[in-house]
Amino acid sequence: MKLNKHSKCTALALAAFVAYSVSVTAAEWKEGTSYTAGTTVTYNGRTYQALQSHTAYPGAGWTPSTTPTLWKDLGATGETPAPAPEPTPTPTPTPSPSACFKAWAASQVYATAGTHVTYNGRNYRNKWWTPGDNPAQSGQYGVWEDIGACSGDAPYAYANTDPSGAHEIGGYFAQWDIYDRNYKLKDVDTSGSAKMLTFTNYAFGNLYQKNGGYECGIVNKAEPGATNPNVADAGTGDDAWADYQKNFGSSESVNGRADTWDFPRSDPRYGSGKAGPLKGNFN
């Protein structure tokens, strides 16, 4: 049959299309063949794409349908695989505000690290002793760490949450804390710790062996056992000045009453004309 010019062009175009189709048709998967990542093959009527370069060793059984770590299933052979749906982003939950703590006070000394306060609707936690630095002005490297927003009209109240009374909750107060740390017994109250405690251990109690038993023998000497445990008075160190001699002002006192210089003094709490027994930490 004689082909005209138009027919010849059409035939050439069809031949080129058939050749192209053959060239892009994936080869059948074969055992013992080495595949590079991205290679496509057909197997049991489905098309697969190699996820990583590997060799299908004879007898290993690494067929495309059984090795999802090596092959990606693109669907039935001859079909255009549907694009994978875009994952729906999970919305980030908005954190609920925490309960508020006791309001920060500029006049308060926060001597214990980890004390929580609230200022302008945000909670803060101190990293070390502070005499009243404004939490909002502390910054990243300052004494106060911003731990988030808070809500609630009334400040968060510390409380011993054991109504049964079955547990004792104790704290430890060292008499020398009133010096360099400037942490006084009043701070145990104002920090909220007192409401969490059922008892306090005070160091030291000034009880010593005396007259065949133990009596209050107030002394004021260093702790020699710290450097020489073999001395006669090792372990009897104490600080009578902090215990009962130091005058605390009204702003430093738990009950707001100042100690006076004329110890012993008249104190109506102990009856008319009777002296109060102590001042200092003990009072």
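Over the ring of which residue does the charged end of Arg 181 sit? In this predicted model, the ring is that of Tyr 183, and the charged end of Arg 181 lies 5.4 Å from its centre. Tyr 183 also has aromatic company, since ring pairs link Phe 173, Tyr 183, Tyr 202 and Phe 282 into a cluster. A further charge-over-ring contact involves Lys 246, whose charged end sits over the ring of Phe 248 at 5.3 Å from the ring centre.

Phe 248 serves as a landmark for another part of the chain as well. Asn 283 is found in the segment after helix H3, which spans 240-245. Along the chain, Asn 283 and Phe 248 are 35 residues apart, while their C-alpha atoms are separated by 9.3 Å. Asn 283 counts as partly exposed because its relative accessible area is 36%.

Aromatic rings also meet one another elsewhere in the model. The count of aromatic pairs comes to eight. One of them joins Trp 29 and Tyr 43: the ring centres are 5.5 Å apart and the planes stand at 85°, so this pair is edge-to-face. The two partners come from distant parts of the chain, 14 residues apart, with Trp 29 in the loop between strand E1 (27-28) and strand E2 (34-35) and Tyr 43 in strand E3 (residues 40-43). Trp 29 has a relative accessible area of 10%, so this residue is buried. Tyr 43 is likewise buried, because its relative accessible area is 17%. Tyr 35 and Trp 71 make another edge-to-face pair, with 5.1 Å from centre to centre and 75° between the planes. Here too, distant parts of the chain are linked: Tyr 35 belongs to strand E2 and Trp 71 to strand E6 (residues 71-76), 36 residues apart. Both Tyr 35 and Trp 71 are buried.

Several of these residues can be placed within a sheet. Four strands, in the order E1-E3-E4-E6, form an open sheet with mixed pairing. Its edges are E1 and E6, each of which pairs on one side only. Strands of a sheet pair through backbone hydrogen bonds, either parallel or antiparallel. Within this sheet, E3 and E4 are antiparallel and are paired over four bridges. One bridge brings Thr 40 together with its partner in E4, Gln 49. E3 and E4 form a hairpin with two residues between them, and Asn 44 in the turn has a positive phi of about 50°. On to the next pairing: strand E4 (residues 46-50) runs antiparallel to E6, and five bridges join the two. Along this pairing, Ala 50 stands opposite Trp 71 in E6, while Arg 46 stands opposite Ala 76 in E6. Trp 71 therefore has two roles to follow in the model, as the residue opposite Ala 50 and as the ring partner of Tyr 35.

A second sheet can be traced in a later stretch of the chain. The order E7-E10-E9-E8 describes an open sheet of four strands, again with mixed pairing. Strand E7 (98-99) and strand E8 (116-119) are the edge strands, each pairing on one side only. Four bridges hold E8 in antiparallel pairing with strand E9 (residues 122-126). Val 117, for example, stands opposite Tyr 124 in E9. Glu 145 lies in strand E10 (residues 144-151). The C-alpha atoms of Glu 145 and Asn 126 are separated by 6.1 Å, although the two residues are 19 residues apart along the chain. With a relative accessible area of 32%, Glu 145 is partly exposed.

Finally, attention turns to the surface. Tyr 172, Trp 176, Tyr 179, Phe 204 and Trp 241 make a nonpolar surface patch of about 570 Å². Phe 204, one of these residues, is located in the loop between strand E12 (199-203) and strand E13 (207-210). Why can Phe 204 be called partly exposed? The reason is its relative accessible area of 34%, because partly exposed residues lie between the buried limit of under 20% and the exposed limit of over 50%.

Methods: Residues numbered from 1 in each chain as written. Predicted model: local features only at pLDDT ≥ 70, side-chain atom pairs only at ≥ 80, totals over all residues. Heavy atoms only, no water. Patch = residues over 30% accessible without salt bridge, like charges linked within 9 Å, V, L, I, M, F, W, Y side chains within 5 Å. Areas by Shrake-Rupley, 256 points an atom, 1.4 Å probe, with all protein chains shown as cover. Salt bridge = Lys/Arg side-chain N within 4 Å of Asp/Glu carboxyl O. Buried < 20%, exposed > 50% of the residue type's maximum accessible area, 1.4 Å probe, protein only. Phe/Tyr/Trp six-rings, centres within 6.5 Å; stacked < 30°, edge-to-face > 60°. Lys NZ or Arg CZ within 6 Å of the ring centre and 35° of its normal. Pairing = 2+ DSSP bridges.
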